[in-house]
Amino acid sequence: MSNSSENPLLRLQTLVPFDRIRGEHVEPAVHALLAEARKRLEALETSTGPRTYANTLLALEHITEDLERALGVISHLESVATTPELRDAYAAVQSPVSELFTSITLSEGVWRVLRAFAETDEARALTGTKRRFLDKTIAEFRRHGAELDPQGKKRLAQINVELAQITLKYAQNVLDATNAFELLVEDPDKLAGLPEGAIAAAKASAESKGLSGYRFTLQAPSYTAVMTFLDNREIREKLYRANIEKATKGDLDNRPIARQILDLRKEKAKLLGFASFADLVLEDRMAHRGETARKFVATLRERAWAQFQHENAELEAFSKEVAGPEAFPLAPWDISYYAEKLRRAKYDFDDESLRPYFAAGSVLDGVFTIASRLYGVNIESWSDAPVWHPSVTAYRVLESDGRRGASFYVDLWPRETKRDGAWMHGLITHVPGSELQHDDPNAGQHIGLFAGNFMPPVGDKPGLLNHREVETIFHEFGHLMHHVSSLVDVRTLSGTNVAWDFVELPSQIMENWCWEKEALDLFAHHYQTKEPIPATLFERLRAARTFRAANAMIRQLGFAEADLALHMEWDAEKHGDPVEFARTIFGQYSPAPLPPEHALLAAFSHIFASPVGYAAGYYSYKWAEVLDADAFSRFKREGIFSRQVGEAFRSQILARGDGADPMELYRNFMGREPNLDALLTRCGLLTENAVNS
């Protein structure tokens with residue numbers, strides 16, 4: 001690797017040179033790191049002599065460490081600053097990378113040394129995280145085909161490579177299809193109902209393309225504003241239909257790819273001896289089995305269903321009141337629009353009235369201040385950090401003893417080179433005390449980021465967020481704190497490398513502070529007058545919190561049920577098109593009949609944009625919501641800024657990663673197992689005859 005000084009992806013350090021990385025660097029760097037990883041793999045496979053924790057498990061961890069670090073940076077840039085060259089290069093390395101990772105778990109030599117170490121006195125004496133590391137590694141190798149015959153291993157390797165390739169293609173198609181759509185409105189009279197900020201953003205979007213009028217897209221800030229506020233029903237319908245048919249046309253048609261992904265996952269599960277792909281991926285999660293997850297979804301659905309029906313009847317009646325005798329039956333493109341009007345009528349509350357109080361910079365300052373109060377950290381600006389776009393900001397996390405524990409980046413505004421949504425990415429993980437990292441320039445530093453796609457600044461006006469977007473900032477920052485708080489001495493068990501039905505607890509619990517006046521008063525000030533949110537407006541916000549809560553829950557449960565059914569029940573011969581199969585399920589959870597063109601599966605990135613991702617795991621959001629509602633009850637009892645409770649949460653949950661069973665970590669913090677009723681109470685859905693679950 002003599003060209004390490006020329007290729008910024010080799011020997012990545014704390015100061016990641018984002019401004020120097022180009023598509024041309026990807027393939028040479030990845031192939032060099034693959035070659036190094038293969039040497040390390042061969043050394044472990046052929047090693048002899050007494051087996052130890054260091055020369056077996058730590059050596060196994062070390063094989064792909066440099067490669068994974070580079071791939072993390074590459075995949076990140078492909079998400080936030082993609083170019084044709086970067087995209088092509090990233091796609092080109094998917095096969096060899098997948099082949100390497102598959103070859104490790106299918107290696108007879110590695111399996112031999114693992115089993116040999118497991119029989120040693122040192123292995124039998126392991127406790128805590130190291131014991132868990134050994135047990136999970138053995139189980140993972142079995143789950144990845146270590147005990148298959150040669151023919152089975154060959155087919156599994158082929159499946160893994162195919163999944164890596166086609167899930168990347170699926171994700172790229174969603175991005176391209178999103179960017180391919182635009183709706184230009186010339187007549188400003190057709191924009192009645194839209195907030196001023198949304199109109200200004202649409203005008204700026206048109207101008208950025210050299211167009212006149214107002215440009216609307218399928219990116220979240222633009223789409224959501226239209227569906228929620230625009231009076232023009234025809235335009236709402238156009239955008240809705242474009243969204244539900246996204247990635248279904250021409251070369252960007254994801255429908256056959258989704259079917260292929262499902263077939264490959266099903267074949268993989270069968271090959272490995274599991275009844276379904278859900279059982280395969282959930283074995284190592286809190287639910288353990290697909291049926292447990294489906295039972296959880298069904299239980300929540302049953303508890304929310306009566307209120308769901310009541311809410312929909314109420315909205316239907318209200319829409320007829322507003323529209324009069326000429327009212328249409330509610331269609332999907334009407335739901336958010338009339339729901340917003342009903343919310344205003346019931347609570348005298350307009351979510352847009354809060355935007356002036358939530359300048360994005362102030363929101364960041366607020367979440368940083370709350371983290372300081374809870375965990376004793378100090379977050380300071382890092383002004384000279386190399387970034388991938390001029391709008392990106394960087395920060396450093398100083399621990400209470402003054403030690404720099406982490407650095408992170410924040411990327412808030414939409415771009416055509418950036419994928420939609422919001423997310424956190426842990427780029428570099430520090431492993432304390434690792435014998436193999438003593439010369440690592442990253443020692444002592446976690447590096448991460450969080451990204452979103454919010455309404456950007458326009459002219460002299462800062463980017464202003466609505467309350468839900470404020471929750472999103474807090475949510476992603478919660479993930480970040482999970483990553484940067486890790487004290488686990490095993491890299492693959494650190495930070496957010498936890499069961500996927502546990503990973504949302506640290507993020508979702510942070511959203512609770514967005515509903516506390518004492519917390520909002522720290523940062524929610526009018527960007528012009530500097531006044532805090534008036535008490536009456538806050539009271540209306542709180543009163544509206546449970547508005548259509550059953551609909552919000554049922555919507556998420558519909559996604560979860562479709563996901564589980566696709567990975568447990570769907571059969572090509574019996575059910576045919578998976579898009580139609582899923583549409584039927586989505587329809588059972590929808591407040592209005594879905595059109596036959598509804599093809600959400602073609603853009604359901606959560607479950608199809610990576611080989612596993614949230615596949616068979618979408619239920620995790622609700623599962624973790626039960627945990628977060630219950631865990632926050634301790635903060636409510638003992639003080640929402642209690643440093644004692646904050647330190648307990650950080651030390652017993654955040655810092656522990658996957659170093660112990662997640663239920664054990666939860667019990668350590670709460671003193672008991674979680675209770676479903678906390679979530680139902682928060683959503684206003686708990687009835688007198690409710691039964692604890």
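This tour moves through a predicted model, from its confidence values to three helix pairs and a sheet.

**Colour by confidence**

Begin by colouring the whole chain by pLDDT, which averages 94 over the protein, with 97% of the residues scoring at least 70. Then select residues 688-693, where pLDDT stays under 50 and for which the model has eight contacts beyond four places in sequence. Where pLDDT is low, the predicted coordinates should not be read in detail.

**Helices α8 and α12**

Next, select helix α8 (residues 150-180) together with helix α12 (residues 255-271), whose axes lie 10 Å apart and make an angle of about 155°. Because an angle over 145° counts as roughly antiparallel, that is how α8 and α12 are described relative to each other, and their crossing is left-handed. With side chains displayed, the contact can be followed along α8 through residues including Leu 156, Ile 159, Leu 163, Ile 166 and Tyr 170, and along α12 through residues including Ile 257, Ile 261, Leu 264, Arg 265 and Lys 268. Taken by class, the contact of α8 with α12 comprises ten nonpolar, five polar and six charged residues.

**Helices α10 and α11**

Move on to helix α10 (residues 220-229) and helix α11 (residues 233-244), whose axes come within 9 Å and cross at roughly 135°; the two helices are therefore oblique to each other. Viewed for handedness, the crossing of α10 and α11 is left-handed. From α10, the residues to display are Tyr 223, Val 226 and Met 227, which meet Ile 235, Arg 236, Leu 239, Tyr 240 and Asn 243 of α11. In this contact of α10 with α11, six residues are nonpolar, one is polar and one is charged.

**From α11 to α15**

Keep α11 selected and add helix α15 (residues 332-347), since the axes of this pair come within 8 Å and cross at roughly 120°, and α11 and α15 are therefore oblique to each other. The crossing of α11 and α15 is right-handed. Here α11 presents Arg 233, Arg 236, Glu 237, Tyr 240 and Arg 241, which meet Pro 332, Trp 333, Asp 334 and Tyr 337 of α15. The contact of α11 with α15 divides into four nonpolar and five charged residues, with no polar ones. Arg 236 and Tyr 240 are worth labelling, as they appear both in the contact with α10 and in the contact with α15.

**The five-stranded sheet**

Now turn to the open sheet, whose five strands follow the order β3-β4-β5-β7-β6 with mixed pairing. Its edges are formed by β3 (378-381) and β6 (423-428), each of which pairs on one side only. On average, and with direction ignored, neighbouring strands of this sheet are turned by 25° against each other.

Within the sheet, select strand β4 (residues 393-398) and strand β5 (residues 404-411), which run antiparallel and are joined by six bridges. One residue to pick out there is Arg 396, which stands opposite Ser 407 in β5. To finish, add helix α3 (residues 65-80), which packs on the sheet and touches β5, β6 and β7 (446-451), its direction making about 150° with that of β6.

Definitions and conventions
Residues are numbered from 1 along each chain as its sequence is written. This is a predicted model: local features need pLDDT of at least 70, side-chain atom pairs count only at pLDDT 80 or more; totals for chains, interfaces and linings use all residues. Side-chain values use heavy atoms; hydrogens and water are left out. Axes are lines fitted to C-alpha atoms, for helices over the stretch in contact, and angles run from 0 to 180 degrees between N-to-C directions. Helices (H or I, at least four residues) and strands (E, at least two) are DSSP runs, numbered from the N terminus. Angles under 35 degrees count as roughly parallel, over 145 as roughly antiparallel, 65 to 115 as roughly perpendicular and the rest as oblique. A crossing is left-handed if the near helix is turned anticlockwise from the far one by less than a right angle, and right-handed if clockwise. Contact means heavy atoms within 4.5 Å. Ala, Val, Leu, Ile, Met, Phe, Trp, Tyr, Cys and Pro count as nonpolar, Asp, Glu, Lys and Arg as charged, and the others, Gly among them, as polar. pLDDT is the predictor's confidence in each residue, from 0 to 100. Two strands pair if DSSP finds at least two bridges between them.
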